[in-house]
Amino acid sequence: MKLMKIKGMGPLEIYEAFPIGHGRKVEKPEKGKAVHEWQPEAELEEALSLAVRSGLMAEEVRKFLRVAVLSNLMDYHVHSLAVKSGLKDEDAVSLASNFLTMYRIVFRALNAQLLGSFDRRRFDPELCQWKRFGRFFTERKKKGPEGIPFLLFKIKASAKNAKVTWWRKEYAHFPPERAGYTGVLRVARFVVDRDGSPRLEEAGEDGHPGALSHGEDRYMSPARRVGVLKDGWLSPLDEVAVVRRLPGGEGIYIMSYVDGLGVKLGEFLFVLHMAWTVALSFTEQAFYVSSEFTEETLYAVPGVHFVDITVPVENLIKELYQMYEQEEEDKKTMLEKQDPVEMMCQQAELGPKIGERREEERGCAEEKGT
């Protein structure tokens with residue numbers, strides 16, 4: 001492939017990573033100075049326009065590629081933007097290729113920090129102590145001043161608005177979120193500095209540690225697929241995770257196919273190992289995930305065990321809500337066609353059966369977690 005001629009810059013190399021802090025605790029911004037509010041949509045066109053006007057100087061191209069990666073774009077989008085800006089197709093193709101390299105640079109660096117500073121599989125006395133106090137009452141009674149409380153995070157979403165939010169509450173010891181979710185992992189917050197460089201810090205304010213409960217799914221697919229062509233990507237991708245339905249349809253969960261998978265959802269990140277799961281529940285009490293939904297696969301660029309699932313999860317929630325509305329509409333239409341007396345008899349018969357079915361699903365979930 002003919003490489004795009006960029007002044008002062010050859011093909012991007014992996015060692016050209018952007019500066020990312022390695023400490024879990026970071027200094028607070030100076031008093032009176034707000035944290036940089038990043039607006040990727042506005043920066044994208046400006047960055048590419050500046051790169052083209054400057055004659056594709058190295059630094060301007062790097063800035064555009066960095067913004068494109070952090071905006072969760074795909075290589076096809078980069079190619080289209082380049083053509084729209086007046087670049088020749090061969091240069092647009094080369095820019096998309098450099099985008100993939102930048103993608104690897106940024107996300108490998110983020111994942112390296114996640115594994116180095118926030119991965120539960122490392123010796124983590126603070127997290128282990130917090131979890132142990134939650135399991136044994138006798139241990140909680142022995143808790144001394146050295147015990148550090150954590151913010152326990154829960155992932156929730158509005159099905160109607162497809163809006164994901166992170167709920168948090170401080171606990172002196174770990175309370176498992178649901179049956180089977182007895183593991184715990186650290187949560188990091190994604191921050192973009194004033195100069196546009198990404199870094200990670202503790203999830204809570206003032207360096208306060210955050211944690212998320214996780215489970216383990218015993219059902220694994222026979223083999224994950226690699227080299228899969230997906231819409232929006234010019235290059236093939238690898239399967240790295242999957243989204244499935246929680247028992248009873250009360251929510252969904254994400255399960256990793258690989259070890260050391262960095263996951264970004266909104267502004268927060270965490271690490272999943274093979275078969276580990278994290279759950280997402282919905283704020284609408286009447287909403288349920290249809291049993292017609294089986295699973296949704298998540299993909300990543302080959303060689304990068306990192307995936308930003310913000311957009312895929314939001315799109316999936318929209319689909320699940322459409323399925324829910326359709327099922328409710330079908331039920332309503334069916335009831336309107338039924339004889340009132342017959343309908344009352346059917347509801348009387350179905351009531352106990354529905355309760356029994358839900359108890360069975362809860363029982364299966366509890367057995368799965370033991």
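**Exercise 1. A charged network**

Task: Find which residues are linked with D124 in a network of salt bridges.

Solution. D124, E126, R186 and E202 are linked in a network of salt bridges. Keep in mind that you are working with a predicted model. To place the network in context, count the salt bridges by the rule of a Lys or Arg side-chain nitrogen within 4 Å of an Asp or Glu carboxyl oxygen. The count comes to 12 salt bridges. As background, side chains of opposite charge can pair when their charged atoms come close.

**Exercise 2. Three salt bridges, residue by residue**

Task: For the salt bridges of R178, R189 and R244, name the partner, then work out where each residue sits and whether it is buried or partly exposed.

Solution.

Step 1, R178. The side chain of R178 meets that of E250 in a salt bridge, with an N to O distance of 3.3 Å. This pair links distant parts of the chain: R178 belongs to the loop between β2 (163-171) and β3 (183-192), E250 to the loop between β6 (238-245) and β7 (251-256), and their positions lie 72 residues apart in the count. Now apply the cut-off: buried means under 20% relative accessible area, exposed over 50%, and partly exposed in between. R178 has a relative accessible area of 18%, so R178 is buried. E250 has 45%, so E250 is partly exposed.

Step 2, R189. The partner here is E201, and the N to O distance is 4.0 Å. R189 is in strand β3 and E201 in strand β4 (residues 198-202), 12 residues apart. R189 and E201 are both buried.

Step 3, R244. This residue forms a salt bridge with E295, whose closest N and O atoms are 2.9 Å apart. Because E295 lies in strand β11 (residues 295-300) and R244 in strand β6, the pair ties together parts that are 51 residues apart in sequence. E295 has 31% relative accessibility and therefore counts as partly exposed. R244, with a relative accessible area of 5%, is buried.

**Exercise 3. The surroundings of β6**

Task: R244 lies in strand β6; describe how β6 pairs with β11 and β7.

Solution.

Step 1. Look at the cover of the strand: seven of the eight residues of β6 are buried.

Step 2. Turn to β11. The pairing of β6 with β11 is antiparallel and runs over six bridges. Within it, V243 stands opposite E296 of β11.

Step 3. Turn to β7. β6 and β7 also pair in the antiparallel sense, over five bridges, and A241 has S256 in β7 as its bridge partner.

Step 4. Follow the turn. β6 and β7 form a hairpin with five residues between them, and G248 in the turn has a positive phi of about 85°.

**Exercise 4. Contacts of I155**

Task: Which residues does I155 contact, leaving aside its neighbours within four places in sequence?

Solution.

Step 1. Locate I155 in strand β1 (residues 150-158). Its relative accessibility is 1%, so I155 counts as buried.

Step 2. List the contacts: V164, T165, W166, L212, L265, A279, L280 and S281.

Step 3. Check one of these, L280: the C-alpha atoms of I155 and L280 are separated by 5.0 Å, although the two residues are 125 residues apart along the chain.

Step 4. Set this against the whole chain. Among contacts between residues at least 6 apart in sequence, 70% join residues at least 24 apart. Of the chain's 370 residues, 46% count as buried.

**Exercise 5. Positive phi outside glycine**

Task: Where do A162 and A275 lie, and are they buried or exposed?

Solution.

Step 1. A162 has a phi near 55°, a positive value in a residue other than glycine. A162 sits in the loop between β1 and β2. At 7% relative accessibility, A162 counts as buried.

Step 2. A275 has a positive phi too, near 75°. Its place is the loop between β9 (268-272) and β10 (276-282). A275 is buried, with a relative accessible area of 8%.

**Exercise 6. A helix pair**

Task: Describe how helices α3 and α4 pack.

Solution.

Step 1. The chain has eight helices and 12 strands. Helix α3 (residues 75-84) packs on helix α4 (residues 89-117) at an angle of about 145°, with the axes 8 Å apart. The crossing is right-handed.

Step 2. On the α3 side, D75, V78, H79, A82 and V83 take part; they meet D89, A92, V93, L95, A96, F99 and L100 in α4. By class, this contact has nine nonpolar, one polar and two charged residues.

Conventions: Residues are numbered from 1 along each chain as its sequence is written. This is a predicted model: local features need pLDDT of at least 70, side-chain atom pairs count only at pLDDT 80 or more; totals for chains, interfaces and linings use all residues. Side-chain values use heavy atoms; hydrogens and water are left out. Helices (H or I, at least four residues) and strands (E, at least two) are DSSP runs, numbered from the N terminus. Buried means under 20% relative accessible area, exposed over 50%, partly exposed in between (1.4 Å probe, protein chains only). Two strands pair if DSSP finds at least two bridges between them. Axes are lines fitted to C-alpha atoms, for helices over the stretch in contact, and angles run from 0 to 180 degrees between N-to-C directions. A crossing is left-handed if the near helix is turned anticlockwise from the far one by less than a right angle, and right-handed if clockwise. Contact means heavy atoms within 4.5 Å. Ala, Val, Leu, Ile, Met, Phe, Trp, Tyr, Cys and Pro count as nonpolar, Asp, Glu, Lys and Arg as charged, and the others, Gly among them, as polar.
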